[in-house]
Structures are given as C-alpha cells and as structure tokens.
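Please explain how this structure is put together, leading a newcomer from one part to the next.

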Amino acid sequence: MSDLLPVAEAQARLLAASPPVGLETLPITEAVGRWAAAPILARRTQPAHDLSAMDGYALRFADLPGPWRVIGESAAGRPFDGAVNSGEAVRIFTGAEMPAGADTVLVQEEAARDGDRLTLNGEGPPRYAANVRRKGLDFSKGDPLVAAGERLTAARLAVAATGGAGDVSVRRRVRVAIAATGDELVEPGTPFGAHSLPESNRLLLRALLADLPVDIIDLGILPDRLDVLTRAFATVDADLLVTTGGASVGDHDLVQPALRAAGAGIDFWRVALRPGKPLMAGRRGEMAVLGLPGNPVSAFVTTLLFVKPLVAHLAGAADPMPVTTHAVLGEALPTNGPRTDYMRAELRNGRAFVASIQDSSMLLTLARAGCLIVRAAHDPARACGESAEILMIG
Ligand SMILES: Nc1nc2c(c(=O)[nH]1)N[C@H]1C(S)=C(S)[C@@H](COP(=O)(O)OP(=O)(O)OC[C@H]3O[C@@H](n4cnc5c(N)ncnc54)[C@H](O)[C@@H]3O)O[C@H]1N2
Ligand code: MOO
C-alpha cells in the first residue's frame with residue numbers, strides 16, 4: 001500500500017497544478033454561484049440615513065409622555081422636509097427617513113390619534129432612539145462586503161447589490177468534458193440487453209456539478225478501444241476532462257494508456273482512499289484530467305473529494321474543499337485499514353448507522369445514505385456513542 005498517495009496530499013497536488021480560469025465581468029444579477037475574483041467594497045452607506053424601524057410617529061424622546069401635534073409624514077423614499085420641534089411629531093413608516101429634530105419612534109400600537117393631536121396610549125418607547133436604525137448600522141461606504149475568492153451566495157449577492165455593486169469581476173464558467181468508458185454500457189433509458197448495463201456515472205457527475213458554474217461537454221460513452229479513447233482525449237477542448245471507468249489494472253482498463261498516447265502526462269495514480277483507490281490525475285497541456293474509477297460509488301466519492309474541489313478552485317474559490325461536520329455513532333466501528341474510508345451511513349435521530357455492506361458497486365445503499373462517515377487511515381476502533389466526522393450528502 002506504500003505506493004498509495006494520502007488523500008490530502010493528492011488533493012493539494014491536484015489544485016496546485018491548475019491555476020484558476022480567466023476573468024470576466026458580469027452584471028451582478030447574472031453572477032449567482034460564481035466566486036468573486038476581486039473584493040467587493042460598499043459604494044454607499046447602509047442605511048444612508050437614520051431610518052424608522054417601525055410604523056408610528058417620529059418625535060423627541062425628551063417630550064414624552066406627550067401630547068404632540070402631528071405636522072407631516074415621512075414615508076420610505078419620500079422624506080419629510082421640515083424639522084420636528086418640541087411638542088411636534090411626524091407620522092412615519094418603516095424604512096422612512098427620520099426627520100430632522102426627531103430622535104425616537106413611538107409605535108402606532110401605543111399611540112392614539114385625533115386629527116393632528118397625538119397622545120400616548122401605552123408604555124411608549126423605552127429609551128432614546130428606540131425604533132430607529134442608525135445611519136451605517138449595516139455597513140459604511142468603503143467597507144469590504146465580499147472578499148476575493150468568496151462565493152456569490154444569495155446573501156452575498158444581496159449585500160453587494162445593496163452596497164451599490166453593478167458589475168462584478170468573476171471567473172468565467174469552467175468547461176468540463178465528461179466521458180464514460182466501457183463496452184458494457186448503454187445510455188440510460190435506452191433498451192438494454194442481457195450483457196449490458198445502463199450508464200449512470202455521467203448523470204451522477206452532471207447532478208453533482210449542477211450547482212457549480214460549469215459548461216458540460218459530453219463525450220458520451222466510449223468503447224474499450226485504445227484508438228477511439230486516444231482520439232477523443234487528444235481532440236477534446238476543455239479546462240477539465242473527467243473520465244470514469246477503465247482506471248484500474250485490467251486488460252480493458254485503457255484510459256491511462258490512451259491519455260499517454262493523446263499526449264497527456266500522469267501526475268498521480270492510486271490514492272489511499274476507499275472507495276476510489278484507482279483515481280488518476282494528470283494534464284494534457286492546459287487541460288487538467290481526472291480519471292475516476294468506474295464503480296459508481298467510487299465515482300461519487302472521488303467527485304466529491306476531487307472533481308468538485310478542482311472545479312471550484314478553477315472557478316476561483318479560495319476555499320474549495322468539502323466541509324465536514326460531526327455525528328454520534330449509532331454503532332461501534334472496527335479499526336480502519338490503511339486507506340481513508342468514506343462509509344455510507346444513514347442518519348436516524350442524529351445518530352449515524354453504517355450500511356452493512358460497503359461494496360463500491362452498490363448504488364442503493366448510496367441512495368439511502370444521508371452522509372458518509374469519514375475514517376482516517378488506521379483510525380482505531382470506535383465505540384457506539386462516540387463522535388465521528390461525517391460528510392453530508394444528498
Ligand atoms: N486486480 C485488481 N483489480 C481491481 C483493482 C485492483 O487494485 N486490482 N481495483 C479495484 C477497484 S478498488 C476499483 S474501484 C475498480 C475500478 O476499476 P475501473 O475504473 O477500471 O472500472 P471498470 O472496471 O471500468 O468498472 C468497474 C465497475 O463499474 C461499472 N461501471 C463502469 N462505468 C460505469 C458507468 N459509467 N456507469 C455505471 N457503471 C459503470 C462497470 O460495469 C464495473 O462493474 O477496479 C477494481 N479492480
Ligand atoms: O477503490 Mo475501489 O473504489 O474500493 O472499489
């Protein structure tokens with residue numbers, strides 16, 4: 001097993017070998033899911049003025065307990081243009097600017113109004129500046145809102161838009177070519193014979209990459225023929241080529257020889273990982289290549305651990321690695337072997353229960369799993385009730 005590369009080392013080598021793809025500028029409304037390529041700074045202060053946080057009356061705290069004379073109205077976008085003097089109040093709505101002279105808002109539920117006469121009908125605002133959002137409460141002009149390398153999530157897009165961002169600098173979409181290999185494979189949904197198998201790895205890859213900014217170049221199902229594979233690998237134009245199957249040592253495992261014949265160099269092959277040991281990484285010119293094992297669960301795990309982080313890295317992510325969390329083991333686990341193990345498990349009442357058979361061909365256990373329990377190489381036996389690292393899936 002000494003020739004197997006530890007997972008973290010393989011991941012680091014993979015990312016180090018490929019710089020992010022080129023830049024483009026997009027309207028912020030089209031940048032969802034991209035990674036910011038430059039910091040986004042606030043071009044305005046938010047709120048730009050002191051605003052009312054409630055519907056009610058703007059007045060001076062010192063004038064409590066009233067009564068007041070209502071001298072006008074301030075609505076969001078339509079401020080009152082006068083000033084509030086002692087004994088005066090302005091009708092105000094949530095998000096409206098506080099008029100000059102007023103410092104506190106009396107909520108309308110605690111007020112009684114008769115014409116322009118306003119009286120207290122409740123406890124009133126508890127303190128000076130109650131129900132007022134101070135200018136700059138959220139952020140001030142010049143503040144950093146999104147850092148370079150951070151993902152433009154819903155919340156970050158919203159804060160950037162509020163900060164006045166129009167166009168944003170991002171990395172262009174990543175072109176990912178995907179190919180399945182194997183003479184036994186037929187397209188899903190097409191007639192299948194006694195010796196054929198519906199192909200599922202390309203669909204699995206597409207689904208796992210669906211939330212990333214990728215353009216998929218589908219090379220289809222390629223037969224176990226050196227000449228066909230070599231031609232496909234030599235002519236494909238992408239940032240990343242992902243193959244599945246043919247990665248092992250059998251006579252029909254031709255992906256590596258075909259890649260070499262197509263001019264690609266192999267950086268590493270075989271990782272201390274279960275499932276997913278025969279993973280291969282290399283490059284042909286500018287194009288990165290990942291050869292995933294054909295077993296569907298191996299393809300799934302290596303996509304989570306290698307393909308997705310590489311795509312995120314190419315797309316400009318500062319922190320592209322999958323994020324794990326912890327769960328309580330619902331049962332004991334034996335000592336782990338020399339490979340990092342990703343075990344399919346179901347989560348029931350916050351406890352993780354591993355599937356009894358972890359064969360890397362078994363998709364139903366994967367479909368039923370809520371997480372993968374991550375076991376470090378040579379992890380000692382674990383008791384029921386101990387905490388374990390998990391990777392949420394599905
Ligand atoms: N002598 C050895 N044999 C194997 C080793 C080894 O070290 N020595 N490693 C085993 C491990 S671990 C794995 S994982 C597999 C992976 O091998 P390949 O990448 O060459 O995969 P294939 O042989 O092409 O296929 C394996 C299995 O998966 C099915 N398959 C393949 N592609 C698809 C697809 N796109 N959709 C659905 N199913 C697919 C295929 O029919 C096979 O049943 O090698 C072990 N062998
Ligand atoms: O590394 Mo393989 O994926 O265990 O079956």
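**Paired strands, cores and ligands**

In this predicted model, strand 20 and strand 21 (residues 287–292) run antiparallel and are joined by 5 bridges. Within this pair, Ala 281 is found opposite Leu 290 of strand 21. The two strands make a hairpin with 2 residues between them, and Gly 285 in the turn has a positive phi of about 60°.

Strand 20 spans residues 280–284 and is mostly covered, with 4 of its 5 residues buried. Strand 20 also pairs with strand 18 (residues 265–269), again in the antiparallel sense, over 4 bridges. Here Ile 266 has Gly 282 in strand 20 as its bridge partner.

Leu 290 appears again in the interior of the model. The largest nonpolar core has 78 residues, and those touching the most other members are Val 176, Leu 240, Val 242, Leu 290, Leu 310, Val 311 and Ile 373. The element that gives the most to this core is helix 6 (residues 296–314), which supplies 11 residues. Another core, of 18 residues, lies apart from it and includes Tyr 57, Val 105, Leu 106 and Val 132. As for Val 242, its contacts beyond four places away in sequence are Val 176, Ile 178, Leu 205, Leu 290, Leu 292 and Val 307.

The chain as a whole can be followed through its domain assignment. Domain 1 consists of 7–21 + 172–314, and domain 2 consists of 32–46 + 142–169. Domain 3 covers 51–133, while domain 4 covers 325–392. Between the C-alpha centres of domain 2 and domain 3 the separation is 35 Å.

A further hairpin is built from strand 8 (residues 111–114) and strand 9 (residues 117–120), which are antiparallel and joined by 4 bridges. Ala 111 has Leu 120 in strand 9 as its bridge partner. This hairpin has 2 residues between the strands, and Gly 115 takes a positive phi near 65°.

The ligands remain to be placed. Ligand 1 is surrounded by 25 residues, of which the closest are Asn 201, Gly 245, Ala 247, Ser 248 and Gly 294. By class, its shell contains 9 nonpolar, 12 polar and 4 charged residues. Around ligand 2 stand Arg 274, Pro 275, Gly 276, Lys 277, Pro 293, Asn 295, Ser 298 and Ser 360. The shell of ligand 2 divides into 2 nonpolar, 4 polar and 2 charged residues.

Definitions and conventions:
Residues are numbered from 1 along each chain as its sequence is written. Chains are lettered from A and ligands numbered from 1 in the order in which they are written. This is a predicted model: local features need pLDDT of at least 70, side-chain atom pairs count only at pLDDT 80 or more; totals for chains, interfaces and linings use all residues. A residue is near a molecule or strand if its C-beta atom, placed from the backbone, lies within 6 Å of it. Ala, Val, Leu, Ile, Met, Phe, Trp, Tyr, Cys and Pro count as nonpolar, Asp, Glu, Lys and Arg as charged, and the others, Gly among them, as polar. Domain bounds come from an automatic or database domain assignment. Two strands pair if DSSP finds at least two bridges between them. A nonpolar core is a set of buried Ala, Val, Leu, Ile, Met, Phe, Trp, Tyr and Cys residues joined through C-beta atoms within 7 Å. A residue is buried if 20 or more other C-beta atoms lie within 10 Å of its own, exposed if 12 or fewer, and partly exposed in between; C-beta atoms are placed from the backbone. Two residues are in contact if their C-beta atoms, placed from the backbone, lie within 7 Å.
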